[in-house]
Structures are given as C-alpha cells and as structure tokens.
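This report introduces a structure to a reader who has not met it before. It turns to the surroundings of the ligand, then to the chain as a whole, and finally to the packing of helices.

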Amino acid sequence: MCMSMKVLLCISGASGVIYGYRLLKALSEMENVEPYLVVSEAARGIMDLELDVDPEEMKALAKTCYEPDDMGAPPASGSALYDAVVIAPCSVSTLSKVAAGIGDNLITRAAAVALKEGKKLILVPRETPLSIIHLQNMVIVSSAGGTMLPASPAFYGNPKTIEDMVDHIVGKILDSMGLENQIYPRWESDHRTSV
Ligand SMILES: Cc1cc2nc3c(=O)[nH]c(=O)nc-3n(C[C@H](O)[C@H](O)[C@H](O)COP(=O)(O)O)c2cc1C
C-alpha cells in the first residue's frame with residue numbers, strides 16, 4: 001500500500017507569499033501528497049497586496065484549509081501525524097515564536113508539535129538584513145531539528161521570470177522533504193562555460 005505524505009503548509013505574514021502559493025500548487029499536483037493549509041491573518045493582507053490569485057481558488061488546492069486561530073484543529077496535536085510542516089514565507093515574528101516554543105496560533109503550535117514529534121519542519125524566511133536576534137533564533141530552530149531554508153534563489157539556472165526564481169526555492173523545499181521534482185534546473189558541471 002502506498003501511503004500519502006501529509007504536508008501542512010503555513011503561510012505567515014512576510015513578503016513573498018508567492019512562495020507559499022507556488023509550493024501549494026506543486027504539492028497539489030503530486031499524487032503521493034496531501035497538502036493542508038493555514039494562512040495567518042497578516043499573510044491574508046499581504047496576499048491582497050502581492051498575489052493576483054483568488055484566495056478561494058488557492059484554498060481549493062488544499063485538502064483542508066484551517067483557520068489560524070483554530071487551536072482545536074488536527075495540526076495542533078501530534079496525534080494527527082503530519083509528516084512535514086513548512087512555513088513559507090516565514091515572518092521573523094513567527095520564527096521568533098517557534099524558537100521560543102510559543103504556540104499562540106495554529107502555525108506556531110504546529111511547528112512546536114513538529115519539533116517535539118521529530119517531524120520535518122522547514123522555515124523559509126525572506127527578511128533581510130537580519131539582526132542578531134533573528135540569527136540566534138535560526139540557530140535555535142536549526143539546533144532543535146528544524147530546517148532553515150531562506151528564500152534566496154540561485155541564478156545559475158538563468159531564471160527569466162519571477163516564477164522561475166520562486167520555483168528554485170519551491171524545488172529546494174520539495175527536495176528537503178524528499179519529494180522528487182523537476183521544478184528547477186539542477187546544477188550540472190557541463191553547464192560550465194568559462195568557469
Ligand atoms: C506589506 C507587509 C510586508 C511585510 N513583510 C514582512 C517580511 O518580509 N518579513 C517579516 O518578517 N515580516 C514582514 N511583515 C510584518 C509581519 O506581517 C508582522 O510581523 C506580522 O505580525 C507577522 O504575523 P504572522 O507571523 O503571525 O503572520 C510585513 C508586513 C506587511 C504589512
């Protein structure tokens with residue numbers, strides 16, 4: 001029997017909500033993945049500003065979409081057995097709460113659950129520059145078993161569009177979860193020209 005991978009995608013209130021949208025789209029197209037979604041209050045405002053996508057259309061890509069204040073929803077409990085929790089983009093506010101073990105909404109609680117249950121947790125911050133507080137919080141999350149995957153796309157694939165750049169990070173997130181994908185061009189040494 002082939003089991004589906006349960007992935008909770010959380011979109012928090014950082015610029016770059018397109019990372020969350022493109023990741024959700026990619027996950028929804030994978031046969032062996034069940035994507036679940038939580039969008040923070042702050043992220044909803046930023047989606048209005050940055051993303052030309054109908055929120056209802058986006059929600060429809062997920063198996064279930066939970067409210068960020070619904071602390072009784074399955075992702076709040078380790079017994080719900082999510083295989084991975086991804087926060088993309090991850091605001092530094094949410095990063096700081098995760099580092100401090102604060103679970104004051106469904107996103108921060110799900111992250112705390114992933115860490116305590118030894119499940120995959122991936123945080124995708126966009127913020128720049130970073131203060132010592134942000135950097136130390138990243139070290140704490142990483143030491144606790146989380147993966148810090150900053151939204152810093154590479155250029156060796158000669159991206160032509162914003163989507164190409166976003167998909168580089170989406171591909172890295174999928175790689176980190178062990179999900180096979182061809183969403184971004186991988187480096188091959190015969191791509192070298194004069195280097
Ligand atoms: C237009 C806009 C862009 C923002 N961009 C960022 C950002 O890139 N990174 C960040 O950490 N916070 C950013 N913020 C601030 C967060 O939205 C704010 O700290 C919020 O409380 C985060 O809440 P959440 O983590 O629960 O989603 C932005 C806010 C606005 C209004």
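In the classes used here, Ala, Val, Leu, Ile, Met, Phe, Trp, Tyr, Cys and Pro count as nonpolar, Asp, Glu, Lys and Arg as charged, and the others, Gly among them, as polar. On that basis, the shell around the ligand has eight polar, six nonpolar and two charged residues. The model is a predicted one.

**Surroundings of the ligand**

There are 16 residues around the ligand, and those that come nearest are Gly13, Ala14, Ser40, Ala42 and Ser91. Two elements, α2 (41-50) and α4 (92-100), give two or more residues each to this shell. The largest share comes from α2, which supplies five residues.

**The chain as a whole**

The protein chain contains seven helices and six strands. Read from the N terminus, its elements follow the order β-α-β-α-α-β-β-α-α-β-α-β-α. The radius of gyration of the protein chain is 16 Å, close to the 16 Å that the globule rule gives for 195 residues, so the chain is as compact as a globular protein of that length. Along its principal axes, the C-alpha trace spans about 55 × 45 × 35 Å.

**Packing of helix α4**

Besides giving residues to the shell around the ligand, α4 packs with α6 (residues 132-143) and crosses α5 (residues 106-116). The table sets out the geometry of the two pairs.

| Pair | Angle | Axes |
|---|---|---|
| α4 and α6 | about 50° | 9 Å apart |
| α4 and α5 | roughly 40° | within 9 Å |

With an angle of about 50°, α4 is oblique to α6 because angles that are neither under 35 degrees, nor over 145, nor from 65 to 115 count as oblique. The crossing of α4 and α6 is left-handed. On the α4 side, Val92, Leu95, Ser96, Val98 and Ala99 take part, and they meet His134, Asn137, Met138, Ile140 and Val141 of α6. The residues of this contact comprise seven nonpolar, three polar and no charged.

For the second pair, α4 and α5 cross at roughly 40°, and they are therefore oblique to each other. The crossing of α4 and α5 is right-handed. Here α4 contributes Thr94, Lys97 and Val98, while α5 contributes Ile107, Thr108, Ala111 and Ala112. By class, the residues of the contact of α4 with α5 are four nonpolar, two polar and one charged.

Technical notes
Residues are numbered from 1 along each chain as its sequence is written. This is a predicted model: local features need pLDDT of at least 70, side-chain atom pairs count only at pLDDT 80 or more; totals for chains, interfaces and linings use all residues. A residue is near a molecule or strand if its C-beta atom, placed from the backbone, lies within 6 Å of it. Helices (H or I, at least four residues) and strands (E, at least two) are DSSP runs, numbered from the N terminus. Axes are lines fitted to C-alpha atoms, for helices over the stretch in contact, and angles run from 0 to 180 degrees between N-to-C directions. A crossing is left-handed if the near helix is turned anticlockwise from the far one by less than a right angle, and right-handed if clockwise. Two residues are in contact if their C-beta atoms, placed from the backbone, lie within 7 Å. The radius of gyration is taken over C-alpha atoms; the globule rule is 2.2 Å times the number of residues to the power 0.38.
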